[in-house]
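These are my notes on the model, set out as numbered points on its pockets, its helix contacts and its enclosed cavities. Please read them with the structure open beside you.

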Amino acid sequence: MRSPNLKRDTQLVHAGRHPADFGGVVNTPVVRASTVLYPDIGAYERSRASKFGALRYGRYGTQTSFALAEAMAEIEGADGAVLYPSGLAAIAGVLKSLLSPGDHLLVTDAVYGPARNFCDTELRRNGIDVTFFAPGIGASIGDLVRPQTRVVYCESPGSLTFEVQDIPAIVAACRSPDVAIVVDNTWATPFFHRPLDLGAHVAIHAATKYIVGHSDAMLGVAVANERHLARIRDWAAGHGVLAGPDECWLALRGLRSLGARLRQHQESAKTIAGSLKGHPAVERVLYPALDTDSSYTIWSRDFSGATGLFGVELVNTSPDTVRAFIDSLELFGIGSSWGGFESLILPSKPVRTASEPHCKGPLLRLHIGLEDPDDLLDDLQRGLDVLHEANCRDERKRNVQHR
């Protein structure tokens with residue numbers, strides 16, 4: 001039995017691996033199965049006693065998914081994990097399993113766009129009252145909790161604007177055992193942040209991102225403490241929601257190198273974010289690992305590192321100029337998602353209904369991949385220099401027109 005005090009890198013290498021069960025094979029094989037045969041009817045009947053964690057029927061998983069669930073629970077410090085075919089499926093599955101008609105849900109205003117849409121449409125249609133709250137609310141969230149409140153949904157840092165939420169303060173303010181604190185932990189992964197250690201009850205991951213790490217699989221994970229795990233598992237099984245064995249194997253592969261990859265993502269992102277902060281075309285860099293960021297104090301207290309995703313607010317400029325800047329980049333792909341080895345960039349338009357707009361100028365979301373940071377920075381600075389020159393020309397034209 002392994003020591004419970006292993007360091008994170010060691011956990012990532014060994015969690016969920018049992019080579020002796022597969023003739024010494026290092027990696028858990030991909031096991032694809034629907035039907036499982038039993039030697040007699042007695043063995044079949046005994047298998048019905050437990051739906052989860054033992055080979056029974058393909059809808060409940062195979063050795064491949066069992067290995068990933070075990071690994072994710074171990075590295076998050078949870079009692080168990082449930083796997084889903086996408087990150088959004090994990091969000092939807094957790095919320096649907098913990099909420100019933102008439103319940104009240106509190107959601108951070110900086111939530112992932114598709115999650116906001118799910119709350120505003122599917123949950124409201126099902127009689128669930130949804131209230132969005134300002135990301136920096138902290139202990140004041142207690143003022144929004146009602147007798148019907150059953151879930152507080154956090155995302156830390158928040159999508160697009162990267163505010164870090166004060167999870168310990170939120171936990172302390174929501175003392176009722178009937179309120180589950182759910183945290184989307186996709187940005188930091190369990191390697192840099194463990195919300196359950198701060199008092200949260202459930203953590204969600206779009207494992208599509210850093211855990212898989214190679215932009216080649218869709219996968220979601222929810223890890224939970226014992227109090228909420230059974231409801232989350234039962235809902236997923238009862239609705240036929242499952243992750244495929246091939247995707248689970250790709251996530252297991254990604255876990256083994258997660259620490260090494262995240263350290264490079266972090267080092268490169270810090271270098272680039274710090275350099276961009278001083279460029280005349282940049283109004284502000286939204287990255288909690290910068291000591292100038294409004295979330296730095298909470299981030300430095302609750303996180304052990306930062307990953308490669310951050311925002312850049314440009315000085316006010318025309319949409320066409322922003323589009324030309326993005327199109328001019330050679331090393332940054334234009335595409336959804338993030339967390340892979342490749343660098344990406346997209347324009348961002350945060351939606352806010354419970355807090356003031358976070359940015360006045362155009363906002364970009366950058367994912368810093370595993371390329372050499374000097375090459376990435378050169379690419380960005382060339383484009384920003386051209387953008388700044390265009391802004392200066394526009395300013396001169398406006399000055400001439402106003403004379």
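1. I begin with the second largest pocket, which has a volume of about 430 Å³; please bear in mind throughout that this is a predicted model. The lining of this pocket is made up of 24 residues, and those that lie nearest its centre are Tyr60, Gly61, Ser65, Phe66 and Leu83. Three elements, namely α3, β1 (80-84) and α8 (226-238), each contribute at least two residues to that lining. Sorted by class, the lining of the second largest pocket holds 14 nonpolar, 7 polar and 3 charged residues.

2. The largest pocket has a volume of about 680 Å³. It is lined by 38 residues, of which Tyr112, Pro114, Ser159, Trp338 and Arg365 are the closest to its centre. Two or more lining residues come from each of α4 (87-98), α5 (113-125), β6 (202-205) and β10. The class count for the lining of the largest pocket is 18 nonpolar, 13 polar and 7 charged residues.

3. Helix α3 (residues 63-76), already met in the lining of the second largest pocket, also packs against another helix. Its axis and that of helix α9 (residues 245-256) come within 8 Å, and the two cross at roughly 40 degrees, which means that α3 is oblique to α9. The crossing in which α3 passes α9 is left-handed. On the α3 side the contact is made by Thr64, Ser65, Ala67, Leu68, Ala71, Met72 and Ile75, while α9 brings Pro245, Cys248, Trp249, Ala251, Leu252 and Leu255. By class, this contact between α3 and α9 has 11 nonpolar and 2 polar residues, with no charged residues. Ser65 thus appears in this helix contact and also among the residues nearest the centre of the second largest pocket.

4. Which residues join α4 to α5? The axes of these two helices come within 10 Å and cross at roughly 40 degrees, so α4 is oblique to α5. The crossing of α4 and α5 is right-handed. Leu88, Ile91, Ala92, Leu95 and Lys96 of α4 make the contact with Pro114, Ala115, Phe118, Cys119, Glu122 and Leu123 of α5. The residues of this contact between α4 and α5 fall into 9 nonpolar, no polar and 2 charged. Pro114 takes part in this contact and is also one of the residues closest to the centre of the largest pocket.

5. Helix α4 has a further partner in α8, and their axes come within 9 Å and cross at roughly 115 degrees; α4 is therefore roughly perpendicular to α8. Here α4 passes α8 in a right-handed crossing. The residues in contact are Gly93, Val94, Lys96, Ser97 and Leu98 of α4 together with His228, Arg231, Ile232 and Trp235 of α8. By class, the contact of α4 with α8 comprises 4 nonpolar, 3 polar and 2 charged residues. Lys96 is listed in the contact with α8 and also in the contact with α5.

6. Turning to enclosed space, how many cavities of 30 Å³ or more are there? The count comes to 2, and the largest cavity has a volume of about 40 Å³. The residues that line the largest cavity are Arg8, Gln11, Leu12, Ile75, Pro190 and Phe191. At least two of the lining residues come from each of α1 (8-14) and α7 (189-192), with α1 giving the largest share, 3 residues. The lining of the largest cavity divides by class into 4 nonpolar, 1 polar and 1 charged residues. Ile75 lines this cavity and is also part of the contact that α3 makes with α9.

7. The second largest cavity has a volume of about 30 Å³. Its lining consists of Leu309, Gly335, Ser337, Trp338, Leu344, Ile345, Leu346, Arg365, Leu366 and His367, and the elements that give two or more residues to it are β10 (344-348) and β11 (363-367). By class there are 6 nonpolar, 3 polar and 1 charged residues in the lining of the second largest cavity. Trp338 and Arg365 both line this cavity, and both are also among the residues closest to the centre of the largest pocket.

Conventions:
Residues are numbered from 1 along each chain as its sequence is written. This is a predicted model: local features need pLDDT of at least 70, side-chain atom pairs count only at pLDDT 80 or more; totals for chains, interfaces and linings use all residues. Side-chain values use heavy atoms; hydrogens and water are left out. On a 1 Å grid over the protein atoms alone, a cavity is a set of points where a 1.4 Å probe fits but cannot get out, and a pocket is an open set with protein on both sides within 12 Å along at least five of seven lines; lining residues have an atom within 4 Å of a point. Grid points are joined across faces, edges and corners, and a volume is the space filled by probe spheres set on the points. Helices (H or I, at least four residues) and strands (E, at least two) are DSSP runs, numbered from the N terminus. Ala, Val, Leu, Ile, Met, Phe, Trp, Tyr, Cys and Pro count as nonpolar, Asp, Glu, Lys and Arg as charged, and the others, Gly among them, as polar. Axes are lines fitted to C-alpha atoms, for helices over the stretch in contact, and angles run from 0 to 180 degrees between N-to-C directions. Angles under 35 degrees count as roughly parallel, over 145 as roughly antiparallel, 65 to 115 as roughly perpendicular and the rest as oblique. A crossing is left-handed if the near helix is turned anticlockwise from the far one by less than a right angle, and right-handed if clockwise. Contact means heavy atoms within 4.5 Å.
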